[in-house]
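Dear colleague,

Please find below the structure that I am handing over to you. My notes on selected regions follow it.

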Amino acid sequence: MLSKAESLSLLTLSIACLGVLANTFNGEGEPLIASLAFSGIAFSFTYCLIQWLGQTFIHAGLKGRDMSKVRKPEIPEAMGGVGAVVYLLILIFFIPFPFYKDIVAATSGGGSRDVTVSHELLASGRVLHRFPHSKLASYLSALMSLQSVVILGIADDLFDIRWRHKLFIPAVASIPMLVVYFVDYGVTNVVVPLQLEHYFGTLIDLGWIYYAYMAAVAIFCPNSINILAGINGIEVSQSLVIAVLLLVNDGLSLHSAPAVPYPHPATDPHLFSVYLLLPFIAVSVALWWHNWYPAKVFVGDTYCYFAGMVFAIVGILGHFSKTLLLTFIPQILNFLYSAPQLVRIIPCPRHRLPHFNSRTGLMEPSVTTWHQPPGKVLTGVLKALASLPVPLLAIKQDDQGNVVSSTNLTLLNLWLVWFGPQREDRLAMGVIGSQACIGVIALYTRHKLALLVFREDNRQ
């Protein structure tokens, strides 16, 4: 239950945010200020609901044991669904604010509240055609995709869908977004780097391949967060780092884009991204508060799907999917590193999270056991990787030199191979710190060095 201090703080925050929302109607809606206010409300509601619904989830069987603790406490599971539902409701309530000025302009004569437009003029569409239907369609398609992935994520948490079946869940959820992209935008050209323009020209039209690429991004983002998981706080922390990096990217792009004589074409997509990211960060902070070491709740697969789909949507509909992938470099490396186990070249247990040593209280690399020794070629590869100056795995051999076990191929286990056993929170901080550093370097490269590769920056 909430303490008195928590109750008072959250109530004060909510009332202040409601006051800010009410004040926005005195101007032109002020969508950015409204988004910040809604984000404060989202944080308050998510924080409260997690506290209130914890025991309800346990009684309903949505619970799990924290295997990385000595006493292995039983805590609520799938709490990411709570944050996702609050986020969806906030986005629904937020719908009028980005379009408030357009609604007024379309219904009261060019934005003047004192001008009355005749019924005949409205019926003829001479004013209503000015409403930005394409922007509204993008927003609603994003909402539909998020609702779809949350429903499918909750189904996964309830029924524990197998990996080979749930891998394509995000692709199904991305259909509304891709349809709206096709109808309202439809651009499938990619800019060719300067060094290759002599061979391919300045643009290449990828056609249907570009839609396959966007569907692949929608599949990769949720599943890559789900793969890099297994210790307290890691899923929410990596999502928060990515969200903050994307928000910084939006800020840099909005700051650099010229505003006169007309708004730059990149302005609206980046504002769209900001409107989706601010409440996402709010609900994620509330979840992180309860999921960080020692965790009081588990976020479940629903949160991984939900977070990944938010990123896929802002990257695709915000038209910066390549920049999005720069913030996912650790997840990309983790996927590539995990691939030999995912395709069963190396035995892959159901759970590959690091092993908790109850005697020392530290996390150690978990291992997969070879019930039959690998072939000569694979044995040579494993031994070579283990003997590198910076080893990529650790192996154990029997007296005959056969490999009998090797560490599971995840970034978390690799970190422990490099730096030795660590406490769970130290491991999480190390991995998340590396994600933040790589992301900052990637954004610097994107915004400062892009003109070395491309003829022009789309912000200019």
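Leaving aside residues up to four places away in sequence, S321 touches Y210, Y213 and G315. This residue belongs to helix α15, which covers residues 321–326. S321 is buried, because its relative accessible area of 6% falls under the 20% limit. Please note that the model is a predicted one.

A second serine, S366, is located in the loop between β6 and β7 (367–369). S366 also counts as buried, with a relative accessibility of 8%. Its side chain forms a polar contact of 2.8 Å with the side chain of N408. Again without residues up to four places away in sequence, the residues that S366 touches include R352, L353, P354 and H355, as well as S406, T407, N408 and N413.

N413 leads to helix α18 (residues 411–419), where the buried residues are L411, L412, N413, L414, W415 and L416. Among the elements that cover these buried residues are α12 (234–256), α16, β6 (362–364) and α19 (424–448). Just after α18, G420 adopts a positive phi of about 80°.

Helix α16 (residues 329–342) contains F335. With a relative accessible area of 36%, F335 is partly exposed, because this value lies between the limits of 20% and 50%. F335 contributes, together with L333, L336, L342, V343 and I345, to a nonpolar surface patch of about 550 Å².

Yours sincerely

Terms used. Residues numbered from 1 in each chain as written. Predicted model: local features only at pLDDT ≥ 70, side-chain atom pairs only at ≥ 80, totals over all residues. Heavy atoms only, no water. Patch = residues over 30% accessible without salt bridge, like charges linked within 9 Å, V, L, I, M, F, W, Y side chains within 5 Å. Areas by Shrake-Rupley, 256 points an atom, 1.4 Å probe, with all protein chains shown as cover. Salt bridge = Lys/Arg side-chain N within 4 Å of Asp/Glu carboxyl O. Helix = DSSP H or I, 4+ residues; strand = E, 2+ residues; numbered from the N terminus. Buried < 20%, exposed > 50% of the residue type's maximum accessible area, 1.4 Å probe, protein only. Contact = heavy atoms within 4.5 Å. Polar contact = N/O pair within 3.5 Å; in protein donor to acceptor, adjacent residues only side chain to side chain.
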